[in-house]
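Reader: Hi! I'm new to this and would love a close look at the salt bridges. Could you walk me through them?

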Amino acid sequence: MMLRRGFILFLPRLVGLLVVACCSVSIVYMLACTPKGDNQQLALPRVHSPTAKEGYEAILQEREEQHRNYIISLKKQIAQLKAELQGRTEQLKNMQNHYPDSLDIRLDHSKPEKAQANLLAFLRSQVDKAEVHSGVKLSTEYAAVPFESFTLQKVYQLETGLTRHPEEKPVRKDKRDELIEVIELAVGSLNKPDGVSKAKPHVYTASDFVEGIYRTEKNKGTLYELTFKGDAKHQFKKIVLFRPFGPVMKVKNENVNMADTLINVIVPLAKRASKFRQFMQNFREMGIQQDGRIHLTVVYFGKEQMNEVKSILENTSKSANFKNFTFIQLNEEFSRGKGLDVGARFWKGNNVVLFFCDVDIYFTAEFLNSCRLNTEPGKKVFYPVLFSQYNPSIIYGHRDSIPSLEQQLIIKKETGFWRDFGFGMTCQYRSDFINIGGFDLDIKGWGGEDVHLYRKYLHSNLMVIRTPVRGLFHLWHEKQCLDELTPEQYKMCMQSKAMNEASHGQLGMLIFKQEIETHLHRQKLSSKKT
């Protein structure tokens, strides 16, 4: 027992002695093995040694080589650091331009002053990027964003389309409210006291507004320059305003599965069997073979050519093994709205996407996907702007033969135009169509029913998606202007016919055809003489 107690008391001393011994050995080892530093003297050869000169040169050469390698290594590291710094700087700049979180532009209620300061800093950066204070270098003449001008009553615009005029009143409410807001803000700014002049200030009103110009750059904002009458003749006041756009913000990120989304294509028809045969060729290739998630409903008026139409439908069904079709026959006068309404209500299955279509329409499989993606029950309906084809015999009249239909369907200003005044081709869920009340069945014939339905959707809480699409075409067909029309109606009908025939340039070539042929004939004669 005593021996055990003595060993326990001696153990700490033994451990201490071992620690001291280890430390001593470590110190001796470090002193013996540490390499000489750069500040230590080199073991130089003796001066009178026969190899002294060669030794000095070898040592100096060795040291010079070491320094050279060290400098090269440092330069490489510096270059790498510069490249990495530049890359990080570009990344930060891109994040600042695209992501609001990187600028900390958030509604942070705990630090409202910081959030407001960050937001103001971003808006000032938008002003700096836009051509407000100075211009920017542009690559070509087409890169310039043109201004549009306006007065109190009119807007003068370049991009008119077919539903707008070069000079018109700002019909759209958002544009009208925007310009009114800008003018009122400019008047308020002019009437704000400057605190310097003691003379009675001139009180500006909207009637002093002379003209303004504005343009919108999608990633920066809208620039306005407004001119007002000054205090004397030939004097003016100019106000420059800028509405900066905020950073791009993520609103939604979702997966959309359209694998089981069926489209019911509804076509009202009377006679026109040859056109229906052409339509079914398109429907078979794009709807049945490429898409496969499609149903066809044909609502036929009358009995003339009905058997021929049914035969075309049945032959397609047999050859393509296609059973998803419905044929409805109505013994009454043709009414497009009535046909579409009957076809939509006839469906007894689950909620389905309805595509209201005409027999002279050509669509692609890509369009059918657009139809699905831009409709959502209770939320969105789709009103695509289709591309209307010009008269092929005029477009390709200088050629030996007219190309095939697929080759004609090219979106160019020489081949057609965006039919932005038409609202007949539309996609919506059947539930939305039923809830909105469907078509006005009092409208007879062709036309008017589409606008009425369109306005119903505009007056509802549903979002109307209106956009040009590359996969939906209106095929040209001759427009008949009936003799029973009044002179004014006949004139409007002929104007519409001319609009659908060819572009301005092509119509001009037809008007001046004789002059052009005379010129070519003279050139041919002069070349023979020489």
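Author: Happy to; here is a tour of some salt bridges and where their residues sit. This is a predicted model, where local features need pLDDT of at least 70 and side-chain atom pairs count only at pLDDT 80 or more, while totals for chains, interfaces and linings use all residues. Residues are numbered from 1 along each chain as its sequence is written, and side-chain values use heavy atoms, with hydrogens and water left out.

Searching the whole structure turns up 12 salt bridges (a side-chain nitrogen of Lys or Arg within 4 Å of a carboxyl oxygen of Asp or Glu). One of them joins Glu304 to Lys271, with the closest N and O atoms 3.5 Å apart. This pair links distant parts of the chain, 33 residues apart: Glu304 is in the loop between strand S8 (294-301) and helix H6 (306-320), and Lys271 is in the loop between strand S7 (263-269) and helix H5 (273-291). Helices (H or I, at least four residues) and strands (E, at least two) are DSSP runs, numbered from the N terminus.

How open are these two residues? Glu304 is partly exposed at 48% relative accessibility, and Lys271 is partly exposed at 40%. Here buried means under 20% relative accessible area, exposed over 50%, and partly exposed in between (1.4 Å probe, protein chains only).

Next, Arg336 pairs with Asp358, the closest N and O atoms being 2.9 Å apart. Arg336 belongs to helix H7 (residues 336-346), whereas Asp358 lies in the loop between strand S10 (353-356) and strand S11 (361-363), 22 residues apart. Both Arg336 and Asp358 are buried. Finally, salt bridges with shared partners join Asp291, Arg293 and Arg372 into one network.
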